[in-house]
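Visitor: I should like to learn how charged side chains are read in a model such as this one. May we begin with a single residue and work outward from there?

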Amino acid sequence: MNIMARKNQKAPWEEEEEIIWVSRTEMKNDMEDLQKLGEELVGLKPSVLAKFPLSEDLQVAIADAQRFKNEAKRRQLQYIGKLMRLEDPEPIQLALDKIRNKHSQTTIALQKLEILRDRMIETPDVVIEEVMVRYPEADRQRFRQLARQAQKEKASKKPPKAYREIFQVLKDLYLDEDL
């Protein structure tokens, strides 16, 4: 049995390695994307940045960029872009997306509270009962009082003081629930 070695050849069943050529333009675009990601990080508050998976060098560079103005800031942003090439951008992008999503979720929740407030003024007894089921610590009597006041304000076309107060109480209950 004579097995001949094939020099510089792969067996027909083995996959060939694919060589991926990256153009200069693609590399430049990738670097610009990383710099933009760094600029977004510079725009965040330090307390939010603490939650990001960043190297110490990058944290220091971002803190410096937040202090700088004009030309110094521009150069610092370029430096941050250079440091970003050494980082894995995926976890940073995921953390940034989470923050954006949390903001969106809060906005949606506040819109739902506004709808709940409007329903409370229209049909106080039904909606107040819903609120009491969801937030047992809420003050039923206070909600009834505010709903009646809001109805009177609306009928007499006065400023919506009680209307706003209902929203504030609902918002406080919602925020206490999140904590």
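Guide: Let us begin with Glu 130, which is partly exposed at 36% relative accessibility. Please keep in mind that the model is predicted.

Visitor: Which residue forms a salt bridge with Glu 130?

Guide: The general criterion is a side-chain nitrogen of Lys or Arg within 4 Å of a carboxyl oxygen of Asp or Glu. In this case the partner of Glu 130 is Arg 119, and the closest N and O atoms are 2.6 Å apart. The pair links distant parts of the chain, since Glu 130 belongs to helix H6 (residues 124–134) and Arg 119 to helix H5, eleven residues apart. Arg 119 is likewise counted as partly exposed, with 35% relative accessibility.

Visitor: Where in the chain does the salt bridge of Glu 129 lead?

Guide: Glu 129 pairs with Arg 140, with 2.7 Å between the closest N and O atoms. This pair also links distant parts of the chain: Glu 129 lies in helix H6 and Arg 140 in helix H7 (residues 140–155), eleven residues apart. Glu 129 is partly exposed at 39% relative accessibility, and Arg 140 is partly exposed with a relative accessible area of 28%. Salt bridges can also share partners, and in this way Glu 71, Arg 74 and Arg 75 are joined into one network.

Visitor: How many residues apart are Arg 67 and Asp 64 in helix H3?

Guide: They are three residues apart in helix H3 (residues 56–67), so about one helical turn separates them. Arg 67 forms a salt bridge with Asp 64, the closest N and O atoms being 2.8 Å apart. Is Arg 67 buried or exposed? Because exposure requires over 50% relative accessible area, Arg 67 counts as exposed at 56%.

Visitor: How many salt bridges does the count come to?

Guide: The count comes to eight salt bridges.

Visitor: What is the case of Glu 87, with regard to burial and salt bridges?

Guide: Glu 87 is buried yet has no salt bridge. The nearest side chain of opposite charge, that of Arg 85, is 12 Å away. Glu 87 is placed in the loop between helix H4 (70–84) and helix H5 (89–122).

Visitor: Which side chain makes a polar contact with that of Glu 87?

Guide: The side chain of Ser 55 does, at 2.6 Å. Neighbours within four places in sequence aside, Glu 87 is in contact with Pro 53, Leu 54, Ser 55, Leu 58 and Ile 92.

Definitions and conventions
Residues are numbered from 1 along each chain as its sequence is written. This is a predicted model: local features need pLDDT of at least 70, side-chain atom pairs count only at pLDDT 80 or more; totals for chains, interfaces and linings use all residues. Side-chain values use heavy atoms; hydrogens and water are left out. Helices (H or I, at least four residues) and strands (E, at least two) are DSSP runs, numbered from the N terminus. Buried means under 20% relative accessible area, exposed over 50%, partly exposed in between (1.4 Å probe, protein chains only). Lys and Arg count as positive and Asp and Glu as negative; His and the chain ends are not counted. A polar contact is a pair of N or O atoms within 3.5 Å; within protein, one must be able to donate a hydrogen and the other to accept it, and residues adjacent in sequence count only if both atoms are side-chain atoms. Contact means heavy atoms within 4.5 Å.
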